[in-house]
Each structure stands twice: as structure tokens, then as C-alpha cells.
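Trainee: I would like to learn how to read the contacts between chains in a model. Where do we start?

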4 protein chains.
Amino acid sequence: MIVVMKKNANPNDVEAVKNKIVDMGLEVYESIGLNYHIIGMVGDTSKVDSEVFERIEGVEKVIHVQEPYKKAGRLFHPEDSIITVGGRTIGGKKLAIIAGPCSVESREQILEVAEKVKEAGAGFLRGGAFKPRTSPYSFQGLKEEGIELLKEARERTGLPIVVELMSPDKLDLFERDVDVIQIGARNMQNFELLKAVGKTTKPILLKRGLSATIEELLMAAEYIMAGGNENVILCERGIRTFETYTRNTLDLSAIPVIKKQSHLPVIVDPSHAAGIWWMVEPLAKAAVAVGADGLMIEVHNDPQNALSDGNQSIKPEKFQHLMESIREIAKLQGREI
Amino acid sequence: MIVVMKKNANPNDVEAVKNKIVDMGLEVYESIGLNYHIIGMVGDTSKVDSEVFERIEGVEKVIHVQEPYKKAGRLFHPEDSIITVGGRTIGGKKLAIIAGPCSVESREQILEVAEKVKEAGAGFLRGGAFKPRTSPYSFQGLKEEGIELLKEARERTGLPIVVELMSPDKLDLFERDVDVIQIGARNMQNFELLKAVGKTTKPILLKRGLSATIEELLMAAEYIMAGGNENVILCERGIRTFETYTRNTLDLSAIPVIKKQSHLPVIVDPSHAAGIWWMVEPLAKAAVAVGADGLMIEVHNDPQNALSDGNQSIKPEKFQHLMESIREIAKLQGREI
Amino acid sequence: MIVVMKKNANPNDVEAVKNKIVDMGLEVYESIGLNYHIIGMVGDTSKVDSEVFERIEGVEKVIHVQEPYKKAGRLFHPEDSIITVGGRTIGGKKLAIIAGPCSVESREQILEVAEKVKEAGAGFLRGGAFKPRTSPYSFQGLKEEGIELLKEARERTGLPIVVELMSPDKLDLFERDVDVIQIGARNMQNFELLKAVGKTTKPILLKRGLSATIEELLMAAEYIMAGGNENVILCERGIRTFETYTRNTLDLSAIPVIKKQSHLPVIVDPSHAAGIWWMVEPLAKAAVAVGADGLMIEVHNDPQNALSDGNQSIKPEKFQHLMESIREIAKLQGREI
Amino acid sequence: MIVVMKKNANPNDVEAVKNKIVDMGLEVYESIGLNYHIIGMVGDTSKVDSEVFERIEGVEKVIHVQEPYKKAGRLFHPEDSIITVGGRTIGGKKLAIIAGPCSVESREQILEVAEKVKEAGAGFLRGGAFKPRTSPYSFQGLKEEGIELLKEARERTGLPIVVELMSPDKLDLFERDVDVIQIGARNMQNFELLKAVGKTTKPILLKRGLSATIEELLMAAEYIMAGGNENVILCERGIRTFETYTRNTLDLSAIPVIKKQSHLPVIVDPSHAAGIWWMVEPLAKAAVAVGADGLMIEVHNDPQNALSDGNQSIKPEKFQHLMESIREIAKLQGREI
């Protein structure tokens, strides 16, 4: 971290900056030029709050040199993390394919979709039980009943289940019944929820917020990991841009960036990103080609009558086609499905 | 969706419309004026076929209301809402000035700031007890102890207290001890939290999300109001843009838009928007000039040593100067402080 | 606006529709299929009253075409456009690979890079002669001398050259000496420049603006095409988002959208999008997997000493590796290099 | 400027960085910590291109300390600039009020509007002759004839005229006939146009680009000033955000930032920002309250039949009302109209 002093800053302010640095157990270095005066600090600054300096009057600005995350970063954890879920893995050579409907709607629906996605080669079953909806008047999910139906689908197919948690008060239920706990995009900075899931050991699938930077996503992961739970899987699901044709803009360049900055596995959700079913397959192929560790795909047996997000769901037959397409690209990447 | 009945429509037709709405599992609301008779429906109308109503003889026309919010909208509530808080009001002729430190840090600090902002003319005291921080390593607030100190400050000054709630499990505490419950920008679409505060009757100060549209803000208000709590105050606090000089970009054009679309009071927080103390006063003046119903200002007795957001806090003397500046503009607007 | 005639409409009615369009100062265009007969109008239809047509008996319906572009759209031009450049094509089965340095810097540099990218399989040579730079103090290009050096490189290698035009006053020079005229992202809505290149017949490579929507990109293409030049190649090169790790965010979902909305070929520039050399190859692979018609890659023999954008340039050896990687993915897509 | 080296960077790269700094006539300073290695440079770095360092392999990142603009900056020009236009000034105590129609449409229209805005107190007349339009099929302006009509309006009223220039080839005409040359938002980074107007001495009104940062706006001003023309007036006219109710989001916090960073005068265009006529007055008031040096307002005698942007134009009577409202706020600011 580097503190840039104002031109002609009060010497007391310069002294105050230096004293604060020393108080933190860090070393000071200083550089005075014609038009500026810079004070740097040597040592581990990853937990230093830059505001401590910004509010001193003589300070022009404070510049970060080190990333503000540590447990999520690759610097101190150079090996890729591989998360184990019910005998399966996320993050290794094998791509993790998570598929299923946006919402669990009925026993027939979830059982049918689960068997179909399993046949096609999916490794995990997704399904919403508690649904975050923009309107209070929209279908909010089957809730506890949805979890029960997912458990039945798991029993039938052997697929571990991935379900979104929206509030800390359901954590006990999720810990007991769910295999991967999903934190949705709108809750990426719901810090109380992050702290709550930091206390469990269940794998957490953390979705990138709608307008979050990669650093903010990694800081959200840091929240969970700082609580003690290092089983975090990241998910790129599209960010908000000015483009209106697609619901969000899938940021595929985030994948190589995250792989470089972090050891955590990262998967891609092309269904939510585009919001348009016929774009799911080309985006899934691109995601594999760019190096993603897995995919999350919405599959519904009857998209036209889906209670949520039918427009972005594909039918089981199309999912099977998608799986065949990505299998070949995965091979070129030295990966498998 | 709104059904406009013909003037002097047959009462049986009015009944038929209402019955159809109820049969769809929606709620009816009705508004009868001198020249019109409107029947609205509350619930998910996105799949309702308007022809169902158009066929009924007494129906003049069926309007697809573009706005997906109803309780928060001005259409059925043309009068400005005025929220009453401990004998004071938010939303009327008098501007609501909420001031205080970002975080409660100590008894001395909060008592001193409370007295100073009261002297300068503030009507409400703000102070964070549970703090949402981007880094898990930053100061997270004094929590319950912070609430106790705010209560003491309230006793001393008579100022109602405004405190941010981050998780439903603290709602009982807040209902008992706090006067206005704040929902922060990062929780604007934390739907479980919105549902929770929809069940209380305490006034809710709802901040606009970092990249939320005005419609999304009003939908978040709708969540709270649909739960039964109509005491919602909106707050513009800056949105994320590409500009990096300021922390966020204060969207002052949102104020006239919100005043047109909604009956709810709307205030402006220039401190969080800019993130820079010397910009607070000019932005506060502009906020009053554009028609805001109030301001939320961060004031700290010792910004250089504040534990959070010191960089955007002003000292009590500067706050007093700000109050004098806006008093004159308020007068030009036909308002008072 | 499009008028759909009834099947077997009276020829007099067809005539009436056309006459009305001409009377409005608009141009008529017509498309007759097995099962339809469509009459379109070219010009500003935003104030045309659709009832004028609906009253005519032979008219089936009048469609407000949401898209404001026509010549660039697929509706009246369902076949993919293939642009021919010096015996080579852009837009067909064969991927167009355009490679070369950001700026032409010296005879040695451009000749060496040209030969190396040709060997690796590139089909076109790029090189900047007039450079758009954010700072007036940065290197602005070799200008006319740069064009001369590019011509020499073309003679040696046979590769057609792609060069950016920044101002209409150089158009004569470019028409004579250059094979594909590039319009840069910052000039995407420089309407005078678009009009100017609409009058030539040279192929135009049109880059998407930094915060432009796909519709705006297609409207910029429409400007060129409305001037008479239908040889337009589109280029996705990243859009501005809040992400700061990469220079821009490559919007790969734009590719399937553009392929659906327009008949024009579309290529991807991963070098400018990311701004980071090691991300070029994974993004290039993803671009091919998602369906792009080609790539534009910055290659420099000595990136460390490049006069512009060295940070995003790859060396010839890395380019060769990239070509091998994408060749395999291209095969899976039923394409070749 | 500070160069952060990668951990374990090759010593040759470290040496290369230091040599480059010394070659530029700057001094080196160095700081080596546990996890980083920093090399700083002392001297005037405002014209140093950071890419020179970024492309050296051992370099992690380059951090700017100084602003990249110089002539536009306040550092070396602490006094406010005041631009003189035909005996009037922009930038001093008196607010510059520029008013008139979006496009000149007819002799009657421009003469009527000119007289009305003069009566109401405007100091300058605006009017578009060459119009940048998103669609090639929209009205493109009266061109040279429009300039002639503006000249006639100037003769009648004495108001200097402000007209947008879109291409360098019309510069001679504009130098001869126009008082202030406007560069539109879409041309803010049309560098050839900026260079062209840098060679005249006419005042330039430079509008902020749709998604430009303040630094980019100041760099565009720097382009003009580096060419020799220091008579630059900046204009905030709204930036692109996710909000869809307004056309753009007026960034009023940009005003105090620009006043702090630059000595150039800055005005506000609320008409283009909001795109909605009834928002013009409240935003104009806020602009004056926040410290703008002037306003640019669209006024049309018959907005419903305007050939462009009628929706954002106000009638002369409303303009008069606006002038009265802002006069009082100006007084509070110690300014006059």
C-alpha cells in the first residue's frame, strides 16, 4: 500500500501517516519528488484498511499494491482447489455439469428432469426451492416441499443436489439435506448470509453479483473462507451491461482471470447470463473452450409452462445435444465429462 | 392490470369482474372517483389474458400497467405519503435531516455527535451498529452495544434513531429499540429481509442498490408494502458508473422521477454517493434544489480516526455550515428545515 | 415498418401501398416468397401512421419492426453475406484470421511480422498507420509512411492489408492503397466518417463502440450501407463494464445475437478486449467455439518495445500456437482456417 | 508513476525498468518488501506512457500517481479560466446561459426562438445545423443553410451562436461564421476532430462522452489545448447508466470534481441528459446549486412538431420560468445571470 501525500502537506500529517504504519508493525519507506511525496509500507498489508490513511487531511490518495483477499488468492495457495461433493469432485480434470430446472414445481417434473439430465451425463442436479423473485407477486418456490422432492430425485439418480439458500434461518435444513449450498447473485454481498455459510463445511456455490467486479467476488469468497469454510466454488453468471438483447452479458474473460488470481474452481451459468434458450449451447461451448471447470444449465421438461425462467430453459433432448458438443471441446482442453 | 369500468356500469358487471379476479387467486382493490371506477388486481398478472375482462359489457377498457409495482406507485395513491416517526415526519413540507456517524464507535463519540447535529438542526440521528463491510477483516460494528449507545443518545437529544438492519434474526431487537430501520444498498434485493421488515410497522428507510434501476427500487419497496408495511422511505445514495473519481455517481434525476412515479418520500445521501467529504455540501444543496424530501449526512467528531468511512464524513462545524446553506435553498423551494 | 399483403392480394392494392410509400418520400422494397408478399419502406418511418396502410383491403397486417435497421438486418437478406477481399473471403466457411502489430513502427518490424503471421496461417495483415490515442503525447503512428510499409509487406506476402481510417480526408489514400478500411471503436458513431466510407466500395471493418449496444452497432453498419457500401464486416472488441482487471469485457454472447439479427460477417478481437497478452489464446478459442467468422489478433515481434499496446500483443511463436489451438475447435464447428 | 515488479522477477527485467526511467531523465527509487518489489520514478511523469513498462515481463502492474493531463489541469494553472466570446464571458461570476432549438428548422423558428430566449435572459444562442443522428434515415440538419439562419438570428439579437461541428472539412466555415464550436458527446474521442479544432482560436464547447470518465473528458480537452487552443469549455450532458426512465443520467457530482481538477469552465446540459422536458427545470436548478458555470437548454417554439428531440425541448414561456428559478439560486451561490 502506498500513501500519496498532497503537495505541501502539513509535516504533522506526514508524521501521522508514518506513525500509523509503524504502529501496524510495518516498515516505512519514503520518496519525495518535485510534485509529490510518497510514503510506502513494507510488510503484509492485505488486512490494512486504506481508510485509516485516506482520512488524514494531508493525504491525496492511497494506492493498493496487494490484492485485498488472501485465503481466496493464489499467492499463498498456488495449487488448484478441488472440492469433493458426495464422492464427486468440482475443480479437477473432470468438468462439473450441474443441470436441472430453475424451480422445483412438482414431483413428476423434478423426477423426470433428474433422470433425463443424469442419462445425458450431468453430475449434479440443481433445482430452486426458495426463489428470489423481483416481484413479490411472482411464484416464490415450493420451499421445504421442494427440498423433499429434490431429496427424492437424489435418491433415484444418485446425483448430489445444488439448492439456493436465501436466509441464514434455513441453514440447518440445508446443512442436513442439501449437498451444495448456492448463494445467488443478489446475495453475493449479503454479508450476514456469507458469514453464516462460513460456519458450515458444506460446499458453497457462490454466484457473481450482477454488477460485481472479480475482486468483489473474491472478497465475498474470502468472507466465507475467513469463517472457516474453504469449500467455495465460484460461478460466472453474467453481469449487467447496456446490452438489452441478452438479459446479462456473460463475462467469459472472467474465467482465465479467476483461474490466475484464485485457486478456487469456477463454473459458468450460460442460462441465466443470456436468458435465451437458443444461446445456451454456443455459450456453453465457449465456456469450456475458455477454461471453465464446469457448467450450470437450466433444463426443464416443459419450458413453455415453467413457473419461472422458462425462456432460458432447454429441453432434455437439447441438453443431450449440448453435452455431446461440449464433450469434444473438453477433450481438446485435456478435460473430460 | 387495471380494469376501467364504464361510467354507470351495471353493478352485476362490477361484481363479475371482481369475482374473476378472486378466482385467479388475485386480490381485488377498487377506486371510485367522480368520473371513473377502477378495479385493480394485486398479484402476478403477467399471464392474465385481458380478454377475460374485455368481454364483460360494463368494462370500458383494460390497461396493461407497465409498472409492475402498485402499492408503491402513485396511480392508486396520488397523495404524497408522510411517514410519522416519534412525533416527527418524513415527506411533508419540512425536510427530514438525518445525521450522524457511519458507525457508532464509543459512548463519547455518539453522544457528542448527537448533540452537535441536534444543535445544528438535524431531526434524526443515524449510526451504524451492524456494519456491512466489503472485507471480512474490517471493523464490523459494535452490534448490540451500539444500539444501547444510540438509545442513550436518543434519550439525551430526543432525536429518533435510524439504524441499518442486516439480517432478519435481529428484527425483534430493532422493532423494540430503533425508530427507523434502514435496509442498505447491498441488501435492496435481499428478498427475505424485505419480507421480514414487511411484517413490522416500523418505518423502513430503503436504499437504492448500487446498480439498481428506479423500477427495481420501487419493486423492492413493493415487497415491503405487499407484506403490510406501507411506511417506506426511499433513499438515493449513488449508483455504480464508470467514473472512478467519486465512489458512486449520485443520480439526482432519480428524485423528480421517483416523485412522479411514487407517493413515497425520497431522501438523498450525498456522503455515501461521493465518498468524499468536501463534495457533501454542494451535493446536498443540489439535492434540495432538485426536490428531495430530506438528506442523510455522515457527521463524525473526529473523521481522521473514524473506524469506517471517515473519508466521507464531515465535522460538526461543517455540518452546521451545510445546514445554513440548504436552509436558504429550501426556502426557495417552499420548504423548511 | 413492413406491410404484409394478403396472399393473392389484388395487384391494385399492392400498387396503392407502394404509391403511398413513395408519396411519403420513402423508398419501396419488395420481397415475394412462396407464402408471403412483403412491402417494406426505407427511410424514417417513425412518424408514419400504420392505419394509412391498414385501411387498404389487400393488406394482411402492418408490422412495426422493432429493429431500426434494414439493410444490415437478416429479415430481407436471409443469406449470410460473404465479403470478398483480394481473392479471399470473410464470412464463409473459412475463418478470416487478421493478424499483425497494433502500429507499424519500422520496415523491419512490419516485414518480419507479416511473414511470420503468414507462415502461421493468417489470411490478412493488420497494422495501424494513423493511431487513435487517448493522450496527445502518445505515439500517433507513422501515417503515410506506415501505409507504404504495409504495401511493401503485402507485396512480399500476398496478404491483403487492414488499416484504420480516422478522418474522411484520408479516404482517397485508403481507397487506393488499402484492402479493408477499419473504423475504430471510438469512431463507431462518427457519422461523417460512416457516411464517407459509405460512398466507397472497399470492405469496411466496423468495430463496436466501447459502450455501444448491438443495435447501435448495426445502426452504424446501416449508415455505411445506406450510403451504398454493403461490404461491411462487424467486429466485437470488448465493451466497457465495471470490471477493471481486463481493459474491456469481451461480449461473446454478441456473436450469436449478431448472427441471428444480421447477415453480415462478424469477427472477434480478443487482443483489444482483454488488453492482456496471455488472455488472447483462451478468448480466441472461445470466440471460435461461439461461432465467430474470424479473429483479429495483435502480433508483434518485440512486444516489450512496441510503441503501442505491446501489453496485449503476442509474439509470432505464440500466434502459431494459437492458430493450432483454434484449428481444432474450428473443425468441430464445421469450419476451417 | 510506480512500477510494481512480479515476485521473483528476473533481475534483467528489474534492470530494464530502471534503465528506462533513467533514459527518460527521471530519478529511480526502489522499495523491496516481503511480497513485492516496487520501483518508483521521481520527476514530471505526466507525459510518460505507462505501457513502456507494462510490457516488460517481470512487471506486475504500473500505477499512476499524477494525472495524465497537464494543460487542462489545475496543478500548473490554479486560477479559473474565463473564456471570452464576442464581448461575453464563460467561466466567471456570471452564469453562461446557452439556449435554443436542437436543430435549426426554418427562418421563422430560429428567429422566434432567438428573440424569446434573449428576452428571457439567455446570453448565447444554440442551434444545430449539422446533426449527429443514430439513424441515417433521420433528419440530418439544414447544414450550411442552417448556419446562415443562425447568423441572421445573431444579427437580430446580438447573441453569439454555438453550433456543433462534426467533421474537420467544415472547420473553415465554422471559424468564419460561428462563435463557439461545439464538439458533441459522440465525437469526444474523435481525435482527428480534436486536433483540427486545436489549431483554431475559437472557443470550443466540449461535451462529455456517453460513457466517458472525467479523466477522459479532461484528456480530450488536453488534445485541443496541446494543439494550441486553450479556449475550452467543458459540458456535462449525462452519462449512460442502467437507468432507463431517463435517457442518460446527469452526473452532477462531476461539476465539483471538474472544478477541483481543472481550471476550465464547465456547464451543464439538462435537456439532453434527461431527455424529458419536465425534468429540465429541476435539474437546471440543481446544476446551479452544485456550482456549474452555466447551462445549455433546449428551447423550441413548437416542441410537438420539432424535427429532432422535441420531447426534451421546453417552450419559451417555460424557459422564462426556469430563468427566474435559477436566478434566485444563483444569487445564493454568489453568482448572477
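**Reading two interfaces**

Mentor: Start with the buried area and what kind of atoms supply it. Chain B and chain A bury about 3600 Å² between them, and carbon and sulfur atoms give 50% of that area. Keep in mind that this is a predicted model.

Trainee: How many residues of chain B and of chain A are in contact?

Mentor: Count each side separately. Chain B contributes 43 residues, which touch 38 residues of chain A.

Trainee: How many salt bridges are there between chain B and chain A?

Mentor: For charged pairs, go by the distance between side-chain nitrogen and carboxyl oxygen, with a cut-off of 4 Å. The count between chain B and chain A is 3 salt bridges. One of them is formed by A:Glu216 and B:Arg240, whose closest N and O atoms are 2.3 Å apart.

Trainee: And how many residue pairs are in polar contact across that interface?

Mentor: The rule finds 19 such pairs between chain B and chain A, with both residues at pLDDT 80 or more. Next, ask which elements supply the surface. On the side of chain B that touches chain A, helix H6 (191-197) and helix H7 (214-226) of chain B each give two or more residues. H7(B) gives the most, with 5 residues. Sorted by class, that side of chain B has 16 nonpolar, 16 polar and 11 charged residues.

Trainee: What does the interface of chain A and chain D look like when read the same way?

Mentor: Go through the steps in order. Here 24 residues of chain A are in contact with 24 residues of chain D. The two chains bury about 2100 Å², and 66% of this is on carbon and sulfur atoms.

Trainee: How many salt bridges and polar contacts are counted between chain A and chain D?

Mentor: The count is 0 salt bridges. For residue pairs in polar contact, with both at pLDDT 80 or more, the count is also 0. The elements of chain A that each supply at least two residues to the side touching chain D are strand S1 (2-5), strand S2 (27-32), strand S3 (37-42) and strand S4 (59-63). By class, that side of chain A has 14 nonpolar, 7 polar and 3 charged residues.

Trainee: Which residues of chain A does UniProt annotate as a domain?

Mentor: Treat a record as a label, and then look at the span in the model. An unreviewed UniProt entry places the feature "domain: DAHP synthetase I/KDSA" at residues 91-328 of chain A. In the model that span is 39% helix and 14% strand, and its end C-alpha atoms lie 19 Å apart.

Technical notes:
Residues numbered from 1 in each chain as written. Chains lettered and ligands numbered in written order. Predicted model: local features only at pLDDT ≥ 70, side-chain atom pairs only at ≥ 80, totals over all residues. Heavy atoms only, no water. Contact = heavy atoms within 4.5 Å. Buried area = accessible area lost by both parts, 1.4 Å probe. Polar contact = N/O pair within 3.5 Å; in protein donor to acceptor, adjacent residues only side chain to side chain. Helix = DSSP H or I, 4+ residues; strand = E, 2+ residues; numbered from the N terminus. Nonpolar A, V, L, I, M, F, W, Y, C, P; charged D, E, K, R; others polar. UniProt positions renumbered as here; feature names shortened; annotations may be inferred.
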